[in-house]
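Visitor: I am new to this structure. Please take me closely through a single part, the helix α4 and its surroundings.

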Amino acid sequence: MEMVMDVMEHAPATVSPLLLRSMASSAFVYADKSFFSLAERFKPLEIVRYVLVASFVLFFRLLSFLFVSDLPPKSQPQFSPFNSLTTDDRYAVASGADHSGIARALSQVLSIVNDVPVSSRKYAIVRSLAERLIEENRREDADGLREVNRAVLSSAFIGRFVYLVKRALRAVRSVGDGVWAREGNGNGREDLNRSGNSAEKLAAELLWLAEKMVACGFGEEAVERWASASNLASLSLLAEPRLQGSLVKVSAFLFKQGKEMEAAAEEGHRETRMKMLTSWLPLLCRASNGTDVPVLGMSERAEVEKVLEETVARLEHEEQEQVLTLWLHHFAYCPSSDWPNLYPSYSRWCTESRKLLLLH
């Protein structure tokens, strides 16, 4: 504990915009938990809490627009994460492959997988059909069918992440059934459960889609898109624990896949590694990864921790400082979890910093 306090006292005076946003989110989460308990006992405080939450969301969005660009310009989609999505355009394929019947068929099946509740006996049927179409396209080993899989899977992956951003934002703004009812806004909870959907179901399907993209050879694209989802990563800190757990599984899987990119020295890959760490490392520290409610198995946690250490080691010295400062902030202030423990990486960075100081 003395080590943690000593490091915090000697932290850089200039706080990066990303760290500022993370610290603001963390402070709000803890303050809101205390205020929520008061609001349960004194009902008039629910309205006050609603106003505070709405103000925080507005502040958070302004901060995101000022300091964070969610996607690189060359791959930025032509929609806002907060726009409405319809069933028809949710999986629209943004390439020439959408003119083929097989592309439209796969897109429709994935849309149905999204909409059908898991409790329905038809869910297993349509999901099995989707897997069969993807696998048959892959086995043909033809450029045209490979592009069909890439375009449809990539579009579906983006569609789900946008929907989850909206769901997470809606969860932050919600202050309970009573307030929704009094304001005549019952649609909030209806949208949340429409078509049997749940945030957990969508997050589980995100992992399934990521696995399919990797199996078809598009793992790099999946990693890049997940790394660019910084708004979703920040909002996930305010999500319910079970949803956080599902997103941790997606992040852990894609961190491991991203390791394959680390052999390449291209500037774009270095930027992707940096964005993956700064976007999703706070969630790994904050989510329920402790012994009480473990999200990942012990061996998988050890594997992901090793991947994180290796990824940090490949960054520039200044980038390591930014990542490790972000890690220490969330790791030190989360009493329920000791994972991921990047203290060896932090210790190595401190040693290197001393050497650089003596050299100059």
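Guide: What follows starts with the whole chain, turns to α4 and its partners, and ends with some single residues.

This is a predicted model, where local features need pLDDT of at least 70, side-chain atom pairs count only at pLDDT 80 or more, and totals for chains, interfaces and linings use all residues. Residues are numbered from 1 along each chain as its sequence is written, and side-chain values use heavy atoms, with hydrogens and water left out.

First, the setting. The protein chain has 16 helices and zero strands. Helices (H or I, at least four residues) and strands (E, at least two) are DSSP runs, numbered from the N terminus. The chain counts 360 residues, and 48% of them are buried. Buried means under 20% relative accessible area, exposed means over 50%, and partly exposed lies in between (1.4 Å probe, protein chains only). Contact means heavy atoms within 4.5 Å. Take the contacts between residues at least 6 apart in sequence: 80% of these join residues at least 24 apart.

Now α4 itself. Helix α4 covers residues 101–115, and helix α5 covers residues 121–140. Their axes come within 9 Å and cross at roughly 150 degrees. Axes are lines fitted to C-alpha atoms, for helices over the stretch in contact, and angles run from 0 to 180 degrees between N-to-C directions. The crossing of α4 and α5 is left-handed: the near helix is turned anticlockwise from the far one by less than a right angle. From α4, the residues taking part are I102, L106, V109, L110, I112 and V113. They meet Y123, V126, R127, L129, A130, L133, I134 and N137 of α5. By class, this contact of α4 with α5 holds twelve nonpolar, one polar and one charged residues. Here Ala, Val, Leu, Ile, Met, Phe, Trp, Tyr, Cys and Pro count as nonpolar, Asp, Glu, Lys and Arg as charged, and the others, Gly among them, as polar.

Helix α4 also packs with α9, at an angle of about 145 degrees and with the axes 10 Å apart. L110, V113, N114 and D115 in α4 meet K201, L202, E205 and W208 in α9. This contact of α4 with α9 divides into four nonpolar, one polar and three charged residues.

Stay with α9, residues 199–215, which holds L209. L209 counts as buried because its relative accessible area is 0%. L153 is 56 residues away from L209 in sequence, but the two are 6.9 Å apart in space, C-alpha to C-alpha.

Go back to α5 and follow the chain onward. D141 sits in the loop between α5 and α6 (143–173). Its phi is positive, about 55 degrees, although D141 is not a glycine. Most residues other than glycine have a negative phi. D141 counts as exposed because its relative accessibility is 69%.

Last, three stops elsewhere. W226 is in contact with F157, L206, L232, L247, V250, S251, L254, M276 and W280, leaving aside neighbours within four places in sequence. E319 lies in helix α15 (residues 317–332). E319 counts as buried because its relative accessibility is 14%. Neighbours within four places aside, E319 is in contact with R270 and M274. P340 lies in the loop between α15 and α16 (343–359). The peptide bond from W339 to P340 is cis, with omega near -5 degrees.
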